[in-house]
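Biologist: I would like a close look at one part of this protein. Please take the aromatic pairs and the buried residues around them, and walk me through them in one go.

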Amino acid sequence: ESVRPSSFSKSKLFLKKAAAKNSLGDYARAVKYASMAIKEDGNNTNAYLERAMANNFLGHYDKAISDASKALEKDSGNVQALNIRSWALNKKGSFRQAGGDATAAIKLNPNFADAWFNRANANKKMGDYKQMLQDYRQAALLSKNYSSQYRDAVAQYAKNVPGFTYDSSLLQTSKGKSKSDSPLKKFFVLMGFTITGGLLIG
């Protein structure tokens with residue numbers, strides 16, 4: 001269905017507000033503005049993604065899965081949507097599905113560190129420690145944000161994986177690094193930049 005130009009521009013404006021609220025940690029308002037963006041333009045894929053991200057932060061994983069799925073209906077190759085849904089599925093305990101979404105994202109973009117991280121989390125819960133360590137390693141290779149998770153995983157699980165050799169260079173901590181940010185926060189801050197970055201270019 002065609003969208004009136006006024007609705008289209010309003011939707012983009014509400015989406016910008018939603019992205020800003022997400023980056024400030026005001027997730028309830030991010031949901032509100034993303035919903036307004038969707039109401040103005042039901043084809044605004046990024047609005048579904050912003051709302052899904054906010055709902056992941058709020059712990060509303062079913063809503064996040066629903067929105068990410070809607071985004072994928074509109075754009076089946078959207079790695080962000082796959083990744084957001086993978087995170088939510090992991091949180092709900094659907095580890096096989098979460099791993100499937102992460103694998104699909106990796107196939108579309110092998111340099112997407114967040115997807116490797118998501119798949120590592122799924123493999124950890126399924127007890128595939130060898131694959132988990134390889135996935136964490138790849139995430140850490142692609143993004144320094146994941147080196148602490150890789151380090152912790154090596155410390156805890158390498159003994160269960162015969163012949164596993166780790167890269168000591170990835171286990172170095174950068175001095176003065178703050179440990180305050182949760183993986184989720186880092187993960188979505190990175191992802192938020194990617195979505196809004198795409199927005200500004202798109």
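Modeller: What follows starts with the whole chain and then goes to the rings, the core and some single buried residues.

This is a predicted model. The chain has 10 helices and zero strands. From the N terminus on, every element in the run is therefore an α element, given as α-α-α-α-α-α-α-α-α-α. Of the 202 residues in the chain, 46% are buried. The chain exposes about 10400 Å², and carbon and sulfur atoms supply 51% of that area. Now take contacts between residues at least 6 apart in sequence. Of these, 56% join residues at least 24 apart.

On to the rings. A search of the whole structure finds six aromatic pairs. One of them is Phe 14 with Tyr 33: the ring centres are 6.5 Å apart and the planes are at 25°, so this pair is stacked. Phe 14 lies in helix H1 (residues 5–24), Tyr 33 in helix H2 (residues 27–40), so the pair ties together parts that are 19 residues apart in sequence. Phe 14 has a relative accessible area of 16% and is buried. Tyr 33 is at 14% relative accessibility and also counts as buried. The cut-off here is under 20% relative accessible area.

A second pair is Phe 117 with Tyr 136. Their centres are 6.1 Å apart and their planes are at 50°, so this pair is tilted. Phe 117 is in helix H7 (residues 113–125) and Tyr 136 is in helix H8 (residues 129–142). The two are 19 residues apart, and the pair links distant parts of the chain. Both Phe 117 and Tyr 136 are buried.

Phe 117 and Tyr 136 also belong to a cluster. Ring pairs link them with Trp 87 and Tyr 146. Back at Tyr 33, a charged neighbour comes in. Lys 32 lies over the face of the Tyr 33 ring, at 5.3 Å from the ring centre.

Next, the nonpolar core. The largest one has 48 residues. Tyr 136 is among the residues with the most contacts inside this core, along with Met 132, Leu 133, Tyr 150 and Phe 164. Helix H5 (residues 79–92) gives the most to this core, with seven residues. What does Tyr 136 touch beyond its neighbours within four places in sequence? Its contacts there are Phe 117, Ala 120, Asn 121, Lys 124, Gln 149, Tyr 150 and Ala 153.

Gln 149, Tyr 150 and Ala 153 are among the buried residues of H9. Helix H9 (residues 147–157) is mostly covered, with eight of its 11 residues buried. The buried set also includes Ser 147, Ser 148, Arg 151, Val 154 and Tyr 157.

Now a polar residue in H8. Asp 135 is found in this helix. Asp 135 is buried, and its relative accessible area is 0%. Its side chain makes a polar contact with the side chain of Arg 119, at 2.9 Å. Not counting residues up to four places away in sequence, Asp 135 touches Trp 116, Arg 119, Ala 120 and Asn 123.

Trp 116 and Arg 119 come up again from another side. Ile 106 lies in helix H6 (residues 95–108). Ile 106 has a relative accessible area of 8%, so it is buried. With residues up to four places away set aside, Ile 106 touches Ala 115, Trp 116 and Arg 119. Ile 106 and Arg 119 are 13 residues apart in sequence, and their C-alpha atoms are 9.2 Å apart in space.

Ala 122 is another residue in H7. Ala 122 is buried at a relative accessible area of 0%. Outside its neighbours within four places in sequence, Ala 122 is in contact with Asn 90, Phe 95, Ala 98 and Gly 99. The C-alpha atoms of Ala 122 and Gly 100 are separated by 9.2 Å, and these residues are 22 apart along the chain.

Last, a polar residue in another helix. Asn 55 has its place in helix H3 (residues 45–58). Asn 55 is at 3% relative accessibility and counts as buried. Leaving aside neighbours within four places in sequence, Asn 55 is in contact with Val 31, His 60, Tyr 61, Lys 63, Ala 64 and Asp 67.

Definitions and conventions:
Residues are numbered from 1 along each chain as its sequence is written. This is a predicted model: local features need pLDDT of at least 70, side-chain atom pairs count only at pLDDT 80 or more; totals for chains, interfaces and linings use all residues. Side-chain values use heavy atoms; hydrogens and water are left out. Helices (H or I, at least four residues) and strands (E, at least two) are DSSP runs, numbered from the N terminus. Buried means under 20% relative accessible area, exposed over 50%, partly exposed in between (1.4 Å probe, protein chains only). Contact means heavy atoms within 4.5 Å. Accessible areas come from the Shrake-Rupley method with a 1.4 Å probe; for residues, only the protein chains shown count as cover. Rings of Phe, Tyr and Trp (its six-membered ring) pair if their centres lie within 6.5 Å; planes under 30 degrees apart count as stacked, over 60 as edge-to-face and the rest as tilted. A charge sits over a ring if NZ of Lys or CZ of Arg is within 6 Å of the ring centre and within 35 degrees of the ring normal. A nonpolar core is a set of buried Ala, Val, Leu, Ile, Met, Phe, Trp, Tyr and Cys residues joined through side-chain atoms within 4.5 Å. A polar contact is a pair of N or O atoms within 3.5 Å; within protein, one must be able to donate a hydrogen and the other to accept it, and residues adjacent in sequence count only if both atoms are side-chain atoms.
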